[in-house]
Amino acid sequence: MKKTVIWLDNYLEEFFMVISLILMTVIMGIQVFSRYVLGSAPSWSEEITRYLFVWSGFLSVSYCTKKCISIKIEQFVSISHEEKALFKLVNHTFELMVFLYLIPFALKYMMSAVESGQVSPACHIPMYYVQAAPLVSFILVAIRIIQRWFTELKVVREKDEKGEKACRQQ
């Protein structure tokens, strides 16, 4: 159980993004083969590929959050190590507030598809499967931000402990 949780923590987003990429490649390969060799392409291929791409895009937000890959203002990031940890802590707090704010809207967006019963045109997939991508992504991002927040809090606390020890020694 513990190994599974650790594996999910380390590789969840990457696993689903790799699977999506493989599926998109295979499906588009089938479509190209069908179109040029058989003379007609399946109607479902573009639709499924588009939905996999949407899911991959939203999962990549969580992946980037986990890996701390984001657009940064270099002036703020180039400050000293101790101040950087405190800045990241504040930054993660604001990020968390934004994503917690977005989660109810993503839920409402998905629930509108559930209530309407809308299905995709070619595959007749319920559209809430596709519209669940923002909700799942925002929840995963919030979890990843909380993980990063505690990591930075640990760095800030270690800095404070080192500062207190230095003051006592003087």
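**Salt bridges and a nonpolar surface patch**

Six salt bridges are present in the structure. The model is a predicted one, with a mean pLDDT of 87 for the protein and a score of at least 70 for 86% of the residues. Confidence is highest in helix α5 (residues 127-131), at a mean of 95, and lowest in helix α3 (residues 74-77), where the mean is 58.

Contacts between helices α1 and α2 are considered here. Lys 66 pairs with Glu 13 in a salt bridge whose closest N and O atoms are 3.9 Å apart. Because Lys 66 belongs to helix α2 (residues 44-66) and Glu 13 to helix α1 (residues 2-38), this salt bridge ties together parts that are 53 residues apart in sequence. Both Lys 66 and Glu 13 are buried. A salt bridge also joins the side chains of Glu 46 and Arg 35, with an N to O distance of 3.9 Å. Glu 46 lies in helix α2 and Arg 35 in helix α1, 11 residues apart, and the pair links distant parts of the chain. Glu 46 has a relative accessible area of 41% and is therefore classed as partly exposed, the range for that class running from 20% to 50%. Arg 35, at 39% relative accessibility, is likewise partly exposed.

Lys 66 and Glu 13 also take part in a network of salt bridges, in which they are linked with Asp 9, Glu 14 and Arg 144.

A further salt bridge is found in helix α6 (residues 133-169), where it connects Arg 148 and Glu 152. The N to O distance in this pair is 3.5 Å. Because Arg 148 and Glu 152 are four residues apart in the helix, about one helical turn separates them. Glu 152 is buried, its relative accessible area being 6%.

Apart from these charged pairs, a nonpolar patch of about 1,000 Å² is found on the surface. The patch is made by Trp 7, Leu 8, Tyr 11, Phe 15, Phe 16, Val 18, Ile 19, Ile 22, Leu 23, Val 26, Ile 30 and Trp 44. Helix α1 provides the largest share of the patch, with 11 residues. One of the patch residues is Ile 19, which is located in helix α1. Ile 19 has a relative accessibility of 34% and so counts as partly exposed; this value satisfies the requirement of over 30% relative accessible area for patch residues.

Methods. Residues are numbered from 1 along each chain as its sequence is written. This is a predicted model: local features need pLDDT of at least 70, side-chain atom pairs count only at pLDDT 80 or more; totals for chains, interfaces and linings use all residues. Side-chain values use heavy atoms; hydrogens and water are left out. A salt bridge is a side-chain nitrogen of Lys or Arg within 4 Å of a carboxyl oxygen of Asp or Glu. Helices (H or I, at least four residues) and strands (E, at least two) are DSSP runs, numbered from the N terminus. Buried means under 20% relative accessible area, exposed over 50%, partly exposed in between (1.4 Å probe, protein chains only). pLDDT is the predictor's confidence in each residue, from 0 to 100. Patches are made of residues with over 30% relative accessible area and no salt bridge: like charges are joined within 9 Å, nonpolar side chains (Val, Leu, Ile, Met, Phe, Trp, Tyr) within 5 Å. Accessible areas come from the Shrake-Rupley method with a 1.4 Å probe; for residues, only the protein chains shown count as cover.
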